[in-house]
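Work through the exercises below with the structure open. Each task is followed by a solution in steps.

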Amino acid sequence: MSSTFPFPRLKRILLYASLAVSLAPPTSAWADDAKALLKTMSDFLAAQKTISFTYQSSLEAVTPDFEKLQFVSSGTANLTRPDKLRVTRTGGFADLDVSFDGSSLTVHGKNLDAYAKIDGKGSLDELIDRLMTAGVEAPGADLLSSNVYDVLMSDVTEAKHISSAFVDGVECEYLAFRTPDIDWQIWIQSGPQPIPRRYVITSKHVVQAPQYMLEISDFKSGADVAAVSYTIEVPASAKTVDLSEMQSLDELPEAAAVGEVK
């Protein structure tokens with residue numbers, strides 16, 4: 001019986017790719033190499049007191065009808081260790097400006113003409129911990145920690161250095177890690193500036209395995225970083241709301257906001 005696959009060439013490519021992955025033994029040397037490369041990236045990022053970059057992110061969601069949707073956002077990030085952060089993010093459902101000046105966190109929803117402010121003195125690491133404890137999901141925030149290695153490796157059961165690869169024309173080392181609940185992949189720029197260029201998280205136990213992807217570009221550090229204010233000047237017209245009322249902090253719209261079926 002002949003094959004019913006509509007794209008025979010694509011089928012062969014996928015078959016060969018599957019064989020290539022299955023034939024490559026995940027040896028302990030691979031695992032050690034992956035951990036060493038990740039540790040090098042973590043140490044490099046921790047040594048940078050001031051950082052800026054632009055990013056694009058995408059977050060997938062699966063509807064009750066098993067349709068997979070992808071919500072794309074982009075923005076900028078500036079941080080000065082140990083306690084300054086400014087992040088912007090613009091997507092289809094939110095236009096956010098977020099700032100932490102070491103004493104308080106301000107989240108300004110420019111499209112909502114509203115803002116939330118939370119007082120709390122501390123470091124960026126403490127801020128990230130507080131937000132996660134409060135149930136505020138901030139995908140990719142792990143990469144802003146002062147010890148990325150320990151944060152990312154906390155639940156890892158397998159680590160692989162897959163190969164070299166290119167992201168936006170830049171040579172990278174492609175690493176893959178497994179945990180009980182998620183798999184994650186990271187592409188680290190090769191050479192003297194080992195920065196993360198792409199970071200992908202896959203939900204293993206959710207139908208259709210939705211992914212979150214973060215791509216970083218225009219990375220700068222030290223004197224190359226342009227001056228930025230870590231205080232948001234909120235317009236007088238903006239109303240104060242609770243942080244939980246700020247729409248789409250985690251990049252997903254409310255269900256009712258998704259377009260109607262036509």
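A residue counts as buried when its relative accessible area is under 20%, as exposed when that area is over 50%, and as partly exposed in between. The model used here is predicted.

**Exercise 1. Describe the chain as a whole.**

Step 1. Take the secondary structure: the chain has four helices and twelve strands.

Step 2. Apply the cut-off for burial. Of the 262 residues in the chain, 40% are buried.

Step 3. Turn to the surface. The accessible surface of the chain is about 14,700 Å², and carbon and sulfur atoms account for 55% of that area.

Step 4. Consider contacts between residues at least 6 apart in sequence: 51% of these join residues at least 24 apart.

**Exercise 2. Find the pairing partners of β1.**

Step 1. Locate the strand: β1 covers residues 50–62.

Step 2. Pair β1 with β2, which spans residues 68–80; the two run antiparallel over 13 bridges. Within this pairing, I51 has L79 of β2 as its bridge partner.

Step 3. Inspect the hairpin of β1 and β2. Five residues lie between the strands, and F66 in this hairpin has a positive phi near 65°.

Step 4. Pair β1 with β11 (211–221). This pairing is also antiparallel, with eight bridges. S57 stands opposite L214 in β11.

**Exercise 3. Characterise the second largest cavity.**

Step 1. Count the cavities of 30 Å³ or more: there are two.

Step 2. Give the volume. The second largest cavity holds about 80 Å³ of space.

Step 3. List the lining: L45, I51, F53, L79, R81, L143, L144, P196, I216 and F219.

Step 4. Sort the lining by class. Nine residues are nonpolar, none is polar and one is charged. Because Arg counts as charged, the charged residue in the lining is R81.

Step 5. Relate the lining to the strands. β1 and β11 each contribute at least two residues to the lining. The bridge partners I51 and L79 both appear in the lining.

**Exercise 4. Is S229 buried, partly exposed or exposed, and where does it lie?**

Step 1. Place the residue: S229 is in the loop between β11 and β12, the latter being residues 239–240.

Step 2. Read its relative accessible area, which is 39%.

Step 3. Compare with the cut-offs of 20% and 50%. S229 is partly exposed because its value of 39% falls between them.

Step 4. Check its position against K84. The two residues are 145 apart along the chain, and their C-alpha atoms are separated by 9.5 Å.

Technical notes. Residues are numbered from 1 along each chain as its sequence is written. This is a predicted model: local features need pLDDT of at least 70, side-chain atom pairs count only at pLDDT 80 or more; totals for chains, interfaces and linings use all residues. Side-chain values use heavy atoms; hydrogens and water are left out. On a 1 Å grid over the protein atoms alone, a cavity is a set of points where a 1.4 Å probe fits but cannot get out, and a pocket is an open set with protein on both sides within 12 Å along at least five of seven lines; lining residues have an atom within 4 Å of a point. Grid points are joined across faces, edges and corners, and a volume is the space filled by probe spheres set on the points. Buried means under 20% relative accessible area, exposed over 50%, partly exposed in between (1.4 Å probe, protein chains only). Contact means heavy atoms within 4.5 Å. Accessible areas come from the Shrake-Rupley method with a 1.4 Å probe; for residues, only the protein chains shown count as cover. Two strands pair if DSSP finds at least two bridges between them.
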